[in-house]
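Thanks for coming. I will walk through one structure, strand by strand, and then turn to the ligand and a few loop residues.

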Amino acid sequence: MDVSSINQYIGKLAVITGASAGIGAALTTNLARRGINVVGLARRIEKVQELAKENTKGKIYAIKCDITNEQDVIRAFQEIEKLGPIHILINNAGKIANTTLYNGNVDEWKKVLDVNVIGTCLLSREVVRTMTENNVAGQIININSILGHFKYDTPLNIYPASKFALTSLTETLRLELIGIDSKIKLTVLKIIYNNIFRCILSNIFRV
Ligand SMILES: NC(=O)c1ccc[n+]([C@@H]2O[C@H](COP(=O)([O-])OP(=O)(O)OC[C@H]3O[C@@H](n4cnc5c(N)ncnc54)[C@H](OP(=O)(O)O)[C@@H]3O)[C@@H](O)[C@H]2O)c1
């Protein structure tokens, strides 16, 4: 998919889930440095507030949100919408469980599915609603894994299944958006977190 230049988003608002650590924190800081205003969602809000201390061109806002909790997500969107229309959503929050399938813990399996699958659906639903209401032809970017596209010998219990589900639901949402004649763009990234990942992001945003 063709994703337009990042420059068109300078001064606009992006929402990134899982902004308190890892890839989400790096994306939050990097987009803000380029002049995009970023709302970072996470449960550990203090970690996002730390990022906001850097003097970036774009502002960083920290909003506490457990993306597996529908009321939390709805409340977070009410706060975000006061800041302005959302142009980018990056569904980045993800979870891996320390368990097994042959002898595993159901609660741990459900937590992974709740974050990686249901959380992504909730955020996507809310952002499609608000982008549509504001007539914004925005971007939804789902951070996936190569484990959601190909079979690898990695015994990560339910995680690869959750990422295959993300691949599938991205395509389903794409069809739904076409069905309602939406101009919202949907992208899925297969991440291996290393320099290749940074190159992929550079390509997508043409920076
Ligand atoms: N790192 C890799 O090598 C790699 C490779 C392939 C794909 N990926 C994918 O890239 C994404 C980011 O990975 P990462 O390694 O950067 O993750 P990470 O360092 O483990 O951070 C996970 C993030 O998700 C957030 N999160 C987890 N549960 C949440 C919940 N219920 N509500 C809100 N936020 C929640 C965490 O925030 P709080 O705990 O503060 O809520 C944290 O900010 C994931 O989707 C992952 O599957 C990563």
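**Starting from one glycine**

Let me begin at Gly 40, which sits in strand S2, residues 37-42. Before I go on, note that this is a predicted model. Is Gly 40 buried or exposed? Gly 40 has 30 other C-beta atoms within 10 Å, and the cut-off for buried is 20 or more, so Gly 40 counts as buried.

The rest of the strand follows suit: 6 of the 6 residues of S2 are buried. In a regular strand, side chains alternate between the two faces of the sheet. In S2, one side carries Asn 37, Val 39 and Leu 41, the other carries Val 38, Gly 40 and Ala 42, and both faces are covered.

Now the neighbours of S2. Strand S1, residues 13-17, pairs with S2 in the parallel sense, over 5 bridges. Within that pairing, Val 15 is opposite Val 39 of S2. S2 is also joined to strand S3, residues 60-64, by 5 bridges, and these two run parallel. Here our starting residue comes back: Gly 40 stands opposite Ala 62 in S3.

The connections involve helices. S1, H1 and S2 form a right-handed β-α-β unit. S2, helix H2 (residues 45-51) and S3 form a right-handed β-α-β unit as well.

One distance before I leave Gly 40. Leu 169 is 129 residues away from Gly 40 along the chain, and their C-alpha atoms are 23 Å apart.

**Strand S5 and its partners**

Next is S5, residues 139-145. How many of the residues of S5 are buried? The count is 7 of 7, so S5 is largely enclosed by the rest of the structure. Taken by face, Gln 139, Ile 141, Ile 143 and Ser 145 are buried on one side, and Ile 140, Asn 142 and Asn 144 are buried on the other.

S5 has a parallel partner in strand S4, residues 86-91, with 4 bridges between them. Ile 90 has Ile 141 of S5 as its bridge partner. S5 also pairs in the parallel sense with strand S6, residues 185-191, over 7 bridges. In that pairing, Ile 140 is opposite Leu 186 of S6.

Again there are helices in the connections. S4, helix H4 (residues 106-133) and S5 make a right-handed β-α-β unit. S5, helix H5 (residues 159-179) and S6 make another right-handed β-α-β unit.

**Helix H5, side by side**

H5 has 21 residues and spans 30 Å from its first C-alpha to its last, close to the 30 Å expected at 1.5 Å a residue. Which residues of H5 are buried? They are Tyr 159, Ser 162, Lys 163, Leu 166, Thr 170 and Leu 173. These cover an arc of only 95° around the axis, which puts them on the same side of H5. The face turned away from that buried side holds exposed residues: Ser 168, Glu 171, Thr 172, Leu 175, Ile 178 and Gly 179.

**Three asparagines in loops**

Most residues other than glycine have a negative phi. Asn 135 has a positive phi of about 55°, although it is not a glycine. Asn 157 also has a positive phi, near 40°.

Asn 135 is in the loop between H4 and S5, and Asn 157 is in the loop between S5 and H5. Their surroundings can be counted. Asn 135 has 8 C-beta neighbours inside 10 Å, so it counts as exposed. Asn 157 has 20 such neighbours inside 10 Å, so it counts as buried.

Asn 134 lies in the loop between H4 and S5 too. With 13 C-beta neighbours inside 10 Å, Asn 134 counts as partly exposed. Asn 134 and His 87 are 47 residues apart along the chain, and 9.8 Å separates their C-alpha atoms.

**Around the ligand**

Last, the ligand. There are 24 residues around the ligand, and those that come nearest are Gly 18, Gly 22, Arg 43, Arg 44 and Gly 94. By class, this shell holds 11 nonpolar, 9 polar and 4 charged residues.

Which elements supply at least two residues each to the shell? They are helix H1, residues 22-33, and S5. H1 gives the most, with 3 residues. That brings us back to two elements already met: H1 from the unit with S1 and S2, and S5, with its residues buried on both faces.

Definitions and conventions
Residues are numbered from 1 along each chain as its sequence is written. This is a predicted model: local features need pLDDT of at least 70, side-chain atom pairs count only at pLDDT 80 or more; totals for chains, interfaces and linings use all residues. A residue is buried if 20 or more other C-beta atoms lie within 10 Å of its own, exposed if 12 or fewer, and partly exposed in between; C-beta atoms are placed from the backbone. Two strands pair if DSSP finds at least two bridges between them. A crossover is right-handed if, with the strands pointing away from the viewer, the path from the first strand over the helix to the second runs clockwise. A residue is near a molecule or strand if its C-beta atom, placed from the backbone, lies within 6 Å of it. Ala, Val, Leu, Ile, Met, Phe, Trp, Tyr, Cys and Pro count as nonpolar, Asp, Glu, Lys and Arg as charged, and the others, Gly among them, as polar. The expected span of a helix is 1.5 Å times one less than its number of residues. The arc is that of the directions from the helix axis to the C-beta atoms.
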